[in-house]
Amino acid sequence: LVNDASVVRTRGERMFDRESPKGHHPQSDSFTVTMAAATTKQPEHLLQRWLPSPWRVFVAVFGLLAAIYAVTATWTLPYHGDALTNAVTGWYLGNEGTFIAYEHEALTAPEQHGNFSWFVESPRGPISQYPPGTALTVAPFYWLSGVPMVDTEMSGTNRPDLAPVAVPMPPFWPATLSAVVVTAAACAFLALTARQLGASPPLALGTGVVAGLGTTAWAVASNMSWTHGPAMLAIAIATYSAARERYLLSGLALGFGVLVRPHIGVIAAALGIGLAIHMRSLRPLVRVGFGSGMGLVALLAYNYWVWGQWTVSGGYGGVFSERLLNSSLTWFVGNVAGAFFDFRHGLLPWSPFLLLLIVGAVAGWKKAPPWARSLAVGGLLYLLIQLRANRFSGGDGHFAYRYPLETLMAAGPLFVSGYSTWIRQRPVVRWALYLSISASVLFQGIGAYYT
């Protein structure tokens with residue numbers, strides 16, 4: 001990583017190219033660069049020999065993360081209520097071709113709502129309160145597995161006073177496999193984006209692995225069929241497409257993200273508007289807007305089919321939109337502070353390396369490509385909307401944080417840029433980053449093991 005010298009080149013958008021090994025280094029950095037080259041020459045050359053192609057970097061990151069995730073993921077009951085709801089809906093969609101959980105009406109009773117699942121009654125029958133995107137991701141795995149549901153006596157920790165209820169449940173390994181695959185793929189696409197920014201194979205490999213093991217991508221997103229894995233993958237594909245100036249594909253990916261977590265739409269808006277301003281052209285805005293708009297139309301159509309009205313919130317009802325509009329400023333500020341600093345569910349206590357990456361991103365802001373800056377702004381807006389509408393903790397039953405995961409994926413290219421243009425030239429900051437990455441991976445590994 002230390003030997004990944006790069007400089008800024010201007011070519012439409014700013015990209016990063018490897019610096020000539022004969023290039024001049026500042027006197028203060030010469031000893032560090034020379035020693036780093038001497039100590040990392042052989043491992044780096046081995047990596048470059050085996051990973052000369054960007055897609056080999058993708059395969060390496062995906063394979064490594066998928067193998068690690070498979071060891072720590074939750075493959076059987078007990079299963080978190082959010083993930084269980086997505087898994088059961090995915091089974092219905094993959095095997096029955098419907099979102100309606102017609103054999104789970106007992107779980108829509110008021111006393112069972114939120115006990116160990118989140119099914120609600122609709123005009124069409126029992127249905128998940130969540131948008132359809134995650135179930136669409138899970139469904140192919142249940143379709144391929146062909147496993148049947150089995151009557152199971154279920155009880156929940158939210159209402160331990162209730163008697164167990166007998167309902168059919170599918171095996172959960174296909175749902176967990178989907179979480180492992182999409183989360184590993186999201187981090188692998190981030191590694192591809194780093195390559196588009198000019199990162200060497202070792203740096204791109206490190207980017208994907210650190211994103212996958214130093215954050216709750218490991219302890220949360222890959223652990224069960226949460227909404228976060230599919231949302232991260234949608235954003236990661238959008239960032240890679242934006243780096244390659246494939247703005248329609250970026251919009252389509254973010255459109256699928258809207259089907260998973262609807263406020264991902266603000267990331268699409270930020271990307272399209274930011275590029276339109278920088279390029280002084282409406283073309284990127286139209287392309288990103290058209291692609292993401294298809295996802296919004298699909299979400300509205302789905303909710304109309306289920307609820308008989310045009311709505312974005314769907315099964316959530318009006319609780320979150322009400323809080324978004326009416327929550328006090330004091331509550332909101334406290335919620336934002338908790339999201340970053342709370343010792344149980346905060347971002348920085350459990351992934352401390354992100355503090356240095358945030359500093360580097362701010363310091364190197366002007367040298368980052370416009371699309372990377374736009375995505376990071378959209379990711380921040382996404383998180384602020386999330387924290388305005390819901391408590392930062394995301395409930396209980398999971399390790400550390402989960403709501404910032406989509407923001408981190410959107411800001412990933414800006415972090416890579418900040419590392420290349422600011423952190424890398426400062427040995428003290430660089431080594432502090434390496435140490436904090438090590439601590440973060442340790443924290444996440446412990447959390448993934450015990451969750």
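Asparagine 223 sits in the loop between α7 (216-221) and α8 (228-243). Helices (H or I, at least four residues) and strands (E, at least two) are DSSP runs, numbered from the N terminus. Asparagine 223 is buried, with a relative accessible area of 3%. Buried stands for under 20% relative accessible area, exposed for over 50%, and partly exposed for values in between (1.4 Å probe, protein chains only). Beyond its neighbours within four places in sequence, asparagine 223 is in contact with Thr72, Ala73, Thr74, Thr176, Trp218 and Thr451. Contact here means heavy atoms within 4.5 Å.

The model is predicted: local features need pLDDT of at least 70, side-chain atom pairs count only at pLDDT 80 or more, and totals for chains, interfaces and linings use all residues. Residues are numbered from 1 along each chain as its sequence is written, and side-chain values use heavy atoms, with hydrogens and water left out.

**The chain as a whole**

The chain has 18 helices and six strands. Of its 451 residues, 55% are buried. Take the contacts between residues at least 6 apart in sequence: 75% of them join residues at least 24 apart.

**Helix α9**

Helix α9 covers residues 247-260, 14 in number. From first C-alpha to last, α9 reaches 20 Å, close to the 20 Å expected at 1.5 Å a residue. The expected span is 1.5 Å times one less than the number of residues. Ten of the 14 residues of α9 are buried, so the helix is largely enclosed by the rest of the structure. Among the buried ones are Tyr247, Leu254 and Val260.

**Salt bridges**

Side chains of opposite charge can pair when their charged atoms come close. The structure holds four salt bridges. Each is a side-chain nitrogen of Lys or Arg within 4 Å of a carboxyl oxygen of Asp or Glu. The table includes three of these pairs.

| Arg partner | Acidic partner | N to O distance |
|---|---|---|
| Arginine 159 | Aspartate 161 | 2.9 Å |
| Arginine 261 | Glutamate 406 | 3.9 Å |
| Arginine 344 | Aspartate 396 | 3.5 Å |

Glutamate 406 pairs with arginine 261. This pair links distant parts of the chain: glutamate 406 is in helix α17, arginine 261 in the loop between α9 and α10 (265-279), 145 residues apart. Glutamate 406 has 0% relative accessibility and counts as buried. Arginine 261, at 8%, counts as buried.

Arginine 344 and aspartate 396 form another salt bridge. They too link distant parts of the chain, 52 residues apart. Arginine 344 lies in the loop between α13 (329-341) and α14 (347-350), and aspartate 396 in the loop between α16 (370-389) and α17. Arginine 344 is exposed at 55%; aspartate 396 is partly exposed at 46%.

Arginine 159 is partly exposed at 30% relative accessibility. Its partner, aspartate 161, is exposed at 56%.

**The second largest pocket**

The second largest pocket has a volume of about 580 Å³. On a 1 Å grid over the protein atoms alone, a pocket is an open set of points where a 1.4 Å probe fits, with protein on both sides within 12 Å along at least five of seven lines. Grid points are joined across faces, edges and corners, and a volume is the space filled by probe spheres set on the points.

This pocket is lined by 27 residues, each with an atom within 4 Å of a point. Gly206, Thr207, Val210, Ala211 and Ile437 lie nearest its centre. Helix α6 gives the most to the lining, with eight residues. The lining has 22 nonpolar, five polar and no charged residues. Ala, Val, Leu, Ile, Met, Phe, Trp, Tyr, Cys and Pro count as nonpolar, Asp, Glu, Lys and Arg as charged, and the others, Gly among them, as polar.
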